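Work through the exercises below with the model in view. Try each task before you read its solution.

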Amino acid sequence: MTFSAGYLFRGLMVHGAGAGERLITLNVNGQPRRVDAMKQETLAWTLRYKLGLTGTKLGCDRAECGACTVLIGDVPHYSCSVLTHTVRDRKVLTIEGLATDEGTLHPIQQGIVDEQGFQCAFCLSGFVMATAGFLKTNPTPTRLELAHGISGNLCRCQDYDKILTALMRGAENLRKVNHV
């Protein structure tokens, strides 16, 4: 026997945990987005499959590869290990939110285009978001500092030298735009 609003427990109707709290508002890429999210749902799942923001990739789904990196309050986080409900009062920025509304690429993204920095590009969005977060704390990194700053991101193609060159170009582009 099923009950749509809850389940029967020792003769009492008990509503599912958080049944009234599933519809939440998230601030994603500067826009309020209403979403029906289950309590155990990860932010990566919500972004990709409920909000259609497929730039956030699910690589390992265990917080080991960084493909799902997004900025939460300007700090890089693996979205596969963050529950959606925990970010409802915070700003979430995905790769889709970096470019301008007119389609102009973010300076980091332009650096990747300029240097042709990735082979298959599955990991690209995670690296870009990790770099964007890192550059907020260190806008003028050395190559070694940037490598350390994004070291939580993995590339299966293993072309790290080329990736780092492209991200350094992106950092340079960002400094020019910000006049640093």
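Buried means under 20% relative accessible area, exposed over 50%, and partly exposed in between, with a 1.4 Å probe and protein chains only. This is a predicted model: local features need pLDDT of at least 70, side-chain atom pairs count only at pLDDT 80 or more, and totals for chains, interfaces and linings use all residues. Residues are numbered from 1 along each chain as its sequence is written, and side-chain values use heavy atoms, leaving out hydrogens and water.

**Exercise 1.** Take stock of the protein chain.

Solution. Start with burial: 39% of the 180 residues count as buried. Next, list the elements: there are five helices and seven strands. These are DSSP runs, numbered from the N terminus (helices: H or I, at least four residues; strands: E, at least two). Along the sequence they read β-β-β-β-α-β-β-β-α-α-α-α.

**Exercise 2.** Lay out the five-stranded sheet.

Solution. Write the order: β4-β3-β7-β5-β6, an open sheet with mixed pairing. Two strands pair if DSSP finds at least two bridges between them. Now find the edges: β4 (31–36) and β6 (75–78) each pair on one side only. Then look inside: two bridges join β5 (69–72) to β7 (91–93), and these strands run antiparallel. Leucine 71 stands opposite leucine 93 in β7.

**Exercise 3.** Which residues of helix α2 are buried, and what covers them?

Solution. Locate α2 at residues 107–115. Its buried residues are Pro107, Ile108, Gln109, Gly111 and Ile112. Their cover includes α3 (124–137) and α5 (160–178), where contact means heavy atoms within 4.5 Å. Finally, step past the helix: glutamine 116 follows, with a positive phi near 50 degrees.
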